[in-house]
Amino acid sequence: MRDNRYKWIALSNTTLGVLMASMNSSIVMISLPAIFRGINIDPLRPENISYLLWMLMGYMVVTAVLVVSLGRVGDMFGRVRMYNMGFAIFTVASIGLSLVFWQGSSAAIGLIGLRIVQGIGGSFLMANSAAILTDAFPHDQRGLALGINGVAATSGSFIGLVVGGLLSSVDWHLVFLVSAPFGIAGTIWAYVSLREIGVVKRTHIDWWGNVTFGLGLIALLVGITYGIQPYGAHSMGWLNPVVLAEIIGGVALLVTFGFIETHVREPMFRLGLFRVPAFSAGNLAGFLASVGRGGLMFMLIIWLQGIWLPYHGYTFESTPLWAAIYMLPMTAGFLVAGPFSGYLSDRFGARPFATGGMLAAAVTFGLMILLPPNFSYLPFGLLLLGNGLAMGLFNSPNTAGIMNSVPPGERGVASGMRATFQNSAMNLSIGLFFSLMIAGLSTTLPVTLLRGLTQQGVPGSVANRIAHLPPVGSLFAAFLGYNPMQSLLGPTLAHLPPDRAAYLTGKTFFPDLISGPFMHGMHITFAFSLVMMLVAAGASWLRGKRYVYEEGEATETQNRAPQGAGPKPPAGANPPSISRPMVAISAAYGAAGAQIARALAERISVPLVDRNLRGPEVNELASALTRALRQDGSSSDAAVRALAKITVASGLFAAQATERVEAPIDEQGYRRKVSEAIARRAKTSGAVILNNGAAGVLRFDPDVLRVAVTAPVKIRIKRVMAVEKVDRRTARRRIQAADAARRVYLQRICGVAPDDPGLFQLTLNSSALPVEACVELMVVALRNRGLVA
């Protein structure tokens, strides 16, 4: 049973870590004007726009790229260890950012570099926090735990806006320094209180996969980021050869990455997980939801800062802080709905809540289309609250559904994959929404600006020049809290009458001028978000009914089972009643399993069941396994063909798996059939069962001794060469095919992870022990259970 106190400690610490990581993704956004004033750089000048983009997007790009790799590293070396390291890195970078006291471009480069380091620390935190919670909480409480964690992640973004606005008005260094004391306390707390309770699986690092994925995603996201920057006479940079090269090159590298992942032994991206509907549909829904709402938050803030707040008497300089405050109803909605929907999803599954959340979000975006530019705040605030409730209704169950669907040894990489999809979608969304808005503005803003400026006495040449400037300048000026007209007119204001100059730079001229074109662009973005939410709802529905991967967790009703014996039996896997000695041996191909099983059966005088499970159920299993291998991302057709030749010799099961089956695999039905077949052979006399998935099928019966027999690959190759009279290459290929078959069989048919530490009670290395010693050890274990004299 899990430590009840520890799980709440883990939740508290990971919530603090995720809150800090997400808060720092937005705290700089609202503080950029103060930061650039402090380092004496005008971010809207063409030569400085790169500093602005990297200060704005660099942290998010880094976290999008690294989380899946660092999640995989957490699976290999310990999620708590990687999480602790992330806390320390994040804290050191935060302190370093607060110590940048010089000015100029070198200060901007230093800040960007340290932000990237901070993003690396944040990636460690985000990649492993969900996996740590999944390890710590039982599956019927994960929705609540991940819901609270998700609330911290989302609310942190809005808290960062408010905190950044308050602190930057005092000193921009405080924006970074505020994280330091929490980071130091959190780092010490994590090192002292968190411990490794998950499955740690030491494997080889997929270097080529990491390199191609990292470079590909960086190139793609950087291309999207620079795509919103003007190029030549174009209002955007999508035709810029550099941007095209980055996007095309990034896509090509990601395609190469996908090819690599299907051909390496230990892939970074577990493509096989996408065969699980709850995992694939949940990630697709999360990706679409992030695409539909990520960039829209920027648009809503620009709406408030550029139009609504100036209409209501706020100065442009004060609008960033007040925009964050007026967006708080969305955070409140998420705070309420996130934990509550997570709790309910623990009981009823993720599908109704996640799907309902997306449908409700689509309604809120549809209603926002009806708002006028100078709206009454009450309906706007209620729509923000409703949108926050809808997103909270979706996010917590969706995260819990994804994390519940993966094996214990894959939780780190699954958490990283989920965060990668979400963070990449956020970056993609920002590029898409700015592009949609700029496209909408480009059709109407030039004419509106030219007419409005000339009517106020601005010289025609100046008005024409300003009217044909790229709209992104006006958007960024409003977003940064600069007075757009003051930025655009510059020295021209000095040549205008003071009352005209005051009116042009006042609180109503720019909102009046831009409201029509801006709302045209906003309607396009709202419609896009509505469509994304509806598609995400459809994807969410495809996840199917509630699914929890069986974990290897003993329950109080299974008090006869040894420690780590396994989870509650799934439907169709009730253990047979066994009164005689029963040993389930799972032997690697070439590990002398047949010799050991035969010798044990003779020693304890019970039948040996190896390839003697006859009947249509076994033929179905064999055919289903072939289909599963074809679908498995880590297996090739060559492996399937090789497996078809050796299934009888390897003792995996009786029939040769040569028939292609198109119907879905009914895992529960197969478990039940093979369980019944084993029970028929074993209930009267006991048995030694070699392979046939018996260790997985019988893992819930406390009277069954489950034994794994293995040996180093080199030894197994020599044995296969000697016994089957084949060359080394053929022997290696047969071993690889058999290992793939065993893995898929246990995962798909028996519903267990091959590396689950609770699956076997005894593991024997037949290269280090002779057959007689292996038999003696199993007899001792049986005698200790009172099953043999």
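User: Are Asp135 and Arg79 buried or exposed?
Analyst: This is a predicted model, in which local features need pLDDT of at least 70, side-chain atom pairs count only at pLDDT 80 or more, and totals for chains, interfaces and linings use all residues. Residues are numbered from 1 along each chain as its sequence is written, and side-chain values use heavy atoms, with hydrogens and water left out. Buried means under 20% relative accessible area, exposed over 50%, and partly exposed in between (1.4 Å probe, protein chains only). By that scale Asp135 and Arg79 are both buried.

User: How far apart in sequence are the parts tied together by Asp135 and Arg79?
Analyst: Asp135 and Arg79 form a salt bridge, with 2.6 Å between the closest N and O atoms; the term means a side-chain nitrogen of Lys or Arg within 4 Å of a carboxyl oxygen of Asp or Glu. Asp135 lies in helix H4 (residues 105-136) and Arg79 in helix H3, so the pair ties together parts that are 56 residues apart in sequence.

User: Which helices hold Glu776 and Arg603?
Analyst: Helices (H or I, at least four residues) and strands (E, at least two) are DSSP runs, numbered from the N terminus. Glu776 and Arg603 form a salt bridge at 2.9 Å, N to O. Glu776 is partly exposed at 33% relative accessibility, and Arg603 is partly exposed at 42%. The pair ties together parts 173 residues apart in sequence, because Glu776 lies in helix H28 (residues 771-784) and Arg603 in helix H21 (residues 593-604).

User: What is the relative accessible area of Asp739?
Analyst: Asp739 forms a salt bridge with Arg716, the closest N and O atoms being 2.7 Å apart. This pair links helix H26 (residues 713-724), which holds Arg716, to helix H27 (residues 728-749), which holds Asp739. Arg716 is buried at 5%, whereas Asp739 counts as partly exposed because its relative accessible area is 29%.

User: Which helix gives the most to the largest nonpolar core?
Analyst: A nonpolar core is a set of buried Ala, Val, Leu, Ile, Met, Phe, Trp, Tyr and Cys residues joined through side-chain atoms within 4.5 Å. The largest has 137 residues, of which Leu300, Trp303, Leu453, Phe518 and Met522 touch the most other members. With 18 residues, the element giving the most to this core is helix H10 (residues 277-311).

User: Which residues is Leu300 in contact with, leaving aside its neighbours within four places in sequence?
Analyst: Contact means heavy atoms within 4.5 Å. With those neighbours within four places left out, the contacts of Leu300 are Met327, Met330, Met368, Phe380, Leu384, Met522 and Phe526.

User: Which helix gives the most to the nonpolar patch on the surface?
Analyst: Patches are made of residues with over 30% relative accessible area and no salt bridge, like charges being joined within 9 Å and nonpolar side chains (Val, Leu, Ile, Met, Phe, Trp, Tyr) within 5 Å. This one consists of Met85, Ile95, Leu99, Phe101, Ile184, Ile188, Tyr191 and Val192, with about 820 Å² of accessible area together (Shrake-Rupley method, 1.4 Å probe, only the protein chains shown counting as cover for residues). Two or more residues come from each of helix H3 (79-97) and helix H7 (179-193). The most, 4 residues, come from H7.

User: Which residues form the covered face of strand S5?
Analyst: In a regular strand the side chains alternate between the two faces of the sheet. Strand S5 (residues 762-765) has an uncovered face of Thr763 and Asn765, and its covered face is Leu762 and Leu764.
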